[in-house]
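Student: I would like to learn how to read a model of this kind, one feature at a time. Where should we begin?

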Amino acid sequence: MHLDRYVDEITRQMAVAAAAGGPEAEALAERLVPPLRSAIRLALLDALSAAADELTLELAPGSVEVRLRGGEPSFVIEGVAATPPASEPAPPPAQPLGDTPAAEPDEGASRINLRMPDSLKARVEAAALREGRSVNAWLVRAAAAALDHPAPIPPNAPGPPAASRRGSRRVTGWAQ
């Protein structure tokens, strides 16, 4: 997506508005337009990023990202299957061996806040980058894989604490 045509249109509209103000306004607009071009591009990029965030919420566990390449934004869509034309049947999605689906197709998505140490966050970001996924898509896939294939519990592992073994029979409070 090339932003230049949008920036050019805004600067053209500024020139039209300045022309209505007379020669002084036109001179001022000519001086303001060059430094404003960068601000306009940045504002457009912010709007595209905000739109991508809103789309990601709707597509979860899929995601939409805005990436800059050569100064121009491009959209990267992950985890969303293309809808084939109605005349041809949809092929089953290809899935590599050992890969775990991110979510059931008819399942809704929920948003959570996750706090983790900075060092772990950096490792998660690096792993997602290596796989060409967003951090969100990588975390969803990792959580699904961990739940579908839990690690075995070693035979010498301690059991749950005594308080959780007692369950609801525990009474606390004050008595006289």
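The dialogue goes from the overall fold to the strands, the salt bridges, a buried serine pair and the surface.

Tutor: Keep in mind that this is a predicted model. Begin with the order of the elements.

Student: How many helices and strands does the protein chain have, and what pattern do they follow?

Tutor: The protein chain has 5 helices and 2 strands. Along the sequence they come in the order α-α-β-β-α-α-α.

Student: What share of the residues in the protein chain is buried?

Tutor: Of the 176 residues, 16% are buried. The protein chain exposes about 14,000 Å², and carbon and sulfur atoms supply 59% of that area. Contacts give another view: among those between residues at least 6 apart in sequence, 51% join residues at least 24 apart.

Student: Next, the strands. In which sense do S1 and S2 pair?

Tutor: For a pair of strands, look at the direction, the bridges and the connection. S1 and S2 are antiparallel, with 7 bridges between them. They form a hairpin with 2 residues between the strands. Gly70, in the turn, has a positive phi of about 65 degrees. To see the register, take Val66, which stands opposite Phe75 in S2.

Student: How many salt bridges are there?

Tutor: The count is 8. For each one, ask where the two partners sit and how accessible they are. Glu72 and Arg41 form one, at 3.5 Å from N to O. Glu72 belongs to strand S2 and Arg41 to helix H2, so this salt bridge ties together parts that are 31 residues apart in sequence. Both Glu72 and Arg41 are buried.

Student: Which residues are linked with Arg41 and Glu72 in a network of salt bridges?

Tutor: Asp4 is linked with Arg41 and Glu72 in that network.

Student: Which salt bridge does Arg67 make?

Tutor: The side chain of Arg67 meets that of Glu78, at 3.8 Å from N to O. This pair links strand S1, which holds Arg67, to strand S2, which holds Glu78, across 11 residues of sequence. The two partners fall in separate accessibility classes. Arg67 has a relative accessible area of 27% and is therefore partly exposed, while Glu78, at 12%, counts as buried.

Student: And where does Arg133 find a partner?

Tutor: Arg133 meets Glu131 in a salt bridge of 3.2 Å, N to O. Glu131 is partly exposed, at 47% relative accessible area. Arg133 is also partly exposed, at 26%.

Student: Is Ser134 buried or exposed?

Tutor: Compare the relative accessibility with the cut-off: under 20% is buried. Ser134 has 7%, so it counts as buried. Ser134 lies in the loop between helix H3 (118–131) and helix H4 (135–148). Setting aside neighbours within four places in sequence, Ser134 is in contact with Ser63, Glu65, Glu78 and Ala128.

Student: What does the side chain of Ser63 do at Ser134?

Tutor: The side chains of Ser63 and Ser134 make a polar contact of 3.2 Å. Ser63 is in strand S1, which covers residues 63–69. At 2% relative accessibility, Ser63 counts as buried. Leaving out residues up to four places away in sequence, Ser63 touches Thr56, Val76, Ile77, Glu78 and Ser134. Glu78 is thus listed as a contact of Ser63 and of Ser134.

Student: Now the surface. Which residues form a nonpolar patch?

Tutor: A patch is read as a group of residues, together with the elements that supply them. Here the members are Met1, Tyr6, Leu55, Leu59, Phe75 and Ile77, which together have about 540 Å² of accessible area. Helix H2 (23–59) and strand S2 (72–78) are the elements that give two or more residues to it. Take Ile77 as a case: Ile77 is in strand S2, and Ile77 counts as exposed because its relative accessibility is 57%.

Student: Where is Arg111?

Tutor: Arg111 is in the loop between S2 and H3. With 67% relative accessibility, Arg111 counts as exposed. For such a residue, set sequence separation against distance in space. Arg111 and Ala60 are 51 residues apart in sequence, and their C-alpha atoms are 8.8 Å apart.

Methods
Residues numbered from 1 in each chain as written. Predicted model: local features only at pLDDT ≥ 70, side-chain atom pairs only at ≥ 80, totals over all residues. Heavy atoms only, no water. Patch = residues over 30% accessible without salt bridge, like charges linked within 9 Å, V, L, I, M, F, W, Y side chains within 5 Å. Areas by Shrake-Rupley, 256 points an atom, 1.4 Å probe, with all protein chains shown as cover. Salt bridge = Lys/Arg side-chain N within 4 Å of Asp/Glu carboxyl O. Helix = DSSP H or I, 4+ residues; strand = E, 2+ residues; numbered from the N terminus. Buried < 20%, exposed > 50% of the residue type's maximum accessible area, 1.4 Å probe, protein only. Contact = heavy atoms within 4.5 Å. Polar contact = N/O pair within 3.5 Å; in protein donor to acceptor, adjacent residues only side chain to side chain. Pairing = 2+ DSSP bridges.
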